[in-house]
Amino acid sequence: MRGMRKGVLGVALAAAVVMGTGAGAGASAGAGVSAGAGAGAVSPVVGPEADIAHHGHVSLWGGRIGVWLISENHGPSDLSQATVRLAFSEPMAGGQELPEACLWSSDRVVSCRTGELRAVGGAGRLMLDLRASGLPDELTVDITTVWRDGVTDRNPGNDRHRVMVFATGDPYVF
């Protein structure tokens, strides 16, 4: 009986977390998912719409992390600016300079402006060469759009990636 109660409690907690996260994420991120509707339901677009996508690769070797990122706008509207966040599972060494469009949010997070992304073809490029504070055998990088100038993105899946990288020097593509 006790195991059954734990199972029911676990299912109830999982449902509450998923429902709470889904409603909050859809409502605050402007992803176009209606908080009151079921999964996959799409609400009407309010304001301009752009489809931001991030692609590239990450490499790890000898405590160095290389990130090559292209941000694109698949339209239909132009986007004056967006911000992409790169969150690393390991802390980075202090005192590292970043490109002008980027800043350190913490010792594990870098936030960068994409610049203008014109509809259907606008692209912003970013290259980072960072040092970890140690010599990790592996790390994870979460790549996410955190701001898109008030523009709705009804396809947010292509601007969110989690990449696991091993210290082989190989490019791990996303």
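**Cores, a disulfide and two strand residues in a predicted model**

Ser-71 lies in strand 2. The structure described here is a predicted model. Ser-71 is buried because its relative accessible area is 2%, and buried means under 20%. The side chain of Ser-71 makes a polar contact of 2.7 Å with the side chain of His-54. His-54 is also among the residues that Ser-71 touches beyond four places in sequence. The others are Ala-53, Thr-114, Leu-117, Gly-122, Ala-123 and Gly-124.

Strand 2 spans residues 64–76 and gives two or more residues to the largest nonpolar core. This core has 23 residues. Within the core, Ile-65, Phe-88 and Leu-128 have the most contacts. Two or more residues also come from each of strand 1 (50–61), strand 3 (83–88), strand 5 (109–113), strand 6 (122–131), strand 7 (138–147) and strand 8. In soluble globular proteins, nonpolar side chains tend to be buried together.

A second core is separate and has 6 residues. Ala-50, Ile-52, Ala-82 and Val-151 are included in this second core.

Leu-128 illustrates the contacts around one residue of the largest core. Leu-128 touches Ile-65, Gly-66 and Val-67. Leu-86, Leu-98, Pro-99, Cys-102 and Val-110 are also touched by Leu-128. Residues up to four places away in sequence are not counted here.

Cys-102, one of the residues touched by Leu-128, takes part in a disulfide with Cys-112. The count of disulfides comes to 1. The S to S distance is 2.0 Å. The link of Cys-102 and Cys-112 is right-handed, with 110° about the S-S bond. Cys-102 lies in strand 4 (residues 102–106) and Cys-112 in strand 5, so the disulfide ties together parts that are 10 residues apart in sequence. Both cysteines, Cys-102 and Cys-112, are buried.

Phe-166 is found in strand 8, which covers residues 160–166. Strand 8 is one of the elements that give two or more residues to the largest core. Phe-166 itself is partly exposed, because its relative accessible area of 33% falls between the 20% limit for buried and the 50% limit for exposed. A nonpolar core is a set of buried residues, so Phe-166, being partly exposed, is not a member of one. Phe-166 touches Leu-60, Asp-137, Glu-138 and Tyr-172, with residues up to four places away in sequence left out. The C-alpha atoms of Phe-166 and Trp-61 are separated by 8.1 Å. Along the chain, Phe-166 and Trp-61 are 105 residues apart.

Note on methods. Residues are numbered from 1 along each chain as its sequence is written. This is a predicted model: local features need pLDDT of at least 70, side-chain atom pairs count only at pLDDT 80 or more; totals for chains, interfaces and linings use all residues. Side-chain values use heavy atoms; hydrogens and water are left out. Helices (H or I, at least four residues) and strands (E, at least two) are DSSP runs, numbered from the N terminus. Buried means under 20% relative accessible area, exposed over 50%, partly exposed in between (1.4 Å probe, protein chains only). Contact means heavy atoms within 4.5 Å. A nonpolar core is a set of buried Ala, Val, Leu, Ile, Met, Phe, Trp, Tyr and Cys residues joined through side-chain atoms within 4.5 Å. A polar contact is a pair of N or O atoms within 3.5 Å; within protein, one must be able to donate a hydrogen and the other to accept it, and residues adjacent in sequence count only if both atoms are side-chain atoms. A disulfide is a pair of cysteine sulfur atoms within 2.5 Å.
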